[in-house]
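Thanks for coming, everyone. I'll put the sequence and the model up, and then we can walk through it together.

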Amino acid sequence: MRFASRENTVLGQPEVGGTPPGAGAIQRLTRLLGRGRALEAVLTAADFDADLAERYGWINRLAMH
């Protein structure tokens, strides 16, 4: 299960410089987000806030303080 705080969470894939994410991260991210969204995360190195991560399926639920 994956939980994140709405106030403090920033998710992303910073490996845009040419080094692909290791340890099967691309395969796992593809299973979680789908191919298009996983490519968006890996190729753009954009930051994803908790709200967008929840909509994309990157996290299960938002935790609020």
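Let's begin with the aromatic rings: in this predicted model, the count of aromatic pairs comes to two. One of them joins F48 and Y56, with ring centres 5.8 Å apart and planes at 55 degrees, so the pair is classed as tilted, since edge-to-face needs over 60. Step back a little and F48, Y56 and W58 form one aromatic cluster.

Are these two rings, F48 and Y56, buried or exposed? F48 is buried, with a relative accessible area of 1%. Y56 is at 15%, and that counts as buried because the cut-off is under 20%.

Now, keep F48 on the screen, and look at T9. Which residues does T9 touch, once neighbours within four places in sequence are left aside? The answer is A4, F48, D49 and A50. T9 itself is in the loop between strand 1, residues 3-5, and strand 2, residues 10-11. Although T9 is a loop residue, its relative accessibility is 14%, so T9 counts as buried. For those of you who like polar contacts, the side chain of T9 reaches the backbone oxygen of S5 at 2.7 Å.

From T9 we can hop to A4, which lies in strand 1. A4 is buried too, with a relative accessible area of 8%. Its contacts, again without neighbours within four places, are T9, A50, I59, R61, L62 and A63. How far apart are the C-alpha atoms of A4 and A50? They are separated by 6.3 Å, with the two positions 46 residues apart along the chain.

Seen from the other end, A50 touches A4, S5, R6, T9, I59 and L62, not counting residues up to four places away. So we have a small network here: T9 contacts A4 and A50, and A4 in turn contacts T9 and A50.

That brings me to the nonpolar core. A quick reminder of the background: in soluble globular proteins, nonpolar side chains tend to be buried together. Here the largest nonpolar core has 13 residues, and those with the most contacts inside it are L29, L33, A41, F48, A50, W58 and I59. Helix 1 (25-33), helix 2 and helix 3 (50-56) each supply at least two residues of this core. You'll recognise F48 and W58 from the aromatic cluster, and A50 from the contacts of A4.

Let me zoom out to the whole chain. How many helices and strands does the protein have? There are three helices and four strands, and along the sequence they follow the pattern β-β-α-α-β-α-β. Of the contacts with a separation of 6 or more, 68% are between residues 24 or more positions apart.

On overall dimensions, the C-alpha atoms fill a box of roughly 35 × 20 × 20 Å along the principal axes. The radius of gyration is 12 Å, which agrees with the value near 11 Å for a compact globule of 65 residues. Buried residues make up 26% of the 65. As for the surface, the protein exposes about 4400 Å², and carbon and sulfur atoms supply 52% of that.

Before I stop, a few spots in the loops. Most residues other than glycine have a negative phi. A45 has a phi near 55 degrees, a positive value in a residue other than glycine. Where is A45? It sits in the loop between helix 2 (35-44) and strand 3 (48-49), and at 27% relative accessibility A45 counts as partly exposed.

G34 is in the loop between helix 1 and helix 2. G34 is also partly exposed, with a relative accessible area of 27%. The C-alpha atoms of G34 and G57 are 9.0 Å apart, for a spacing of 23 residues along the chain.

Finally, E15 is found in the loop between strand 2 and helix 1, and E15 is partly exposed at 28%. The C-alpha atoms of E15 and Y56 are separated by 20 Å, with the two positions 41 residues apart along the chain. That takes us back to Y56, one of the rings in the tilted pair we began with. Thanks for listening, and I'm happy to go back to any of these views.

Note on methods:
Residues numbered from 1 in each chain as written. Predicted model: local features only at pLDDT ≥ 70, side-chain atom pairs only at ≥ 80, totals over all residues. Heavy atoms only, no water. Phe/Tyr/Trp six-rings, centres within 6.5 Å; stacked < 30°, edge-to-face > 60°. Buried < 20%, exposed > 50% of the residue type's maximum accessible area, 1.4 Å probe, protein only. Polar contact = N/O pair within 3.5 Å; in protein donor to acceptor, adjacent residues only side chain to side chain. Contact = heavy atoms within 4.5 Å. Rg over C-alpha atoms; globule rule 2.2 N^0.38 Å. Areas by Shrake-Rupley, 256 points an atom, 1.4 Å probe, with all protein chains shown as cover. Core = buried A, V, L, I, M, F, W, Y, C linked by side-chain atoms within 4.5 Å.
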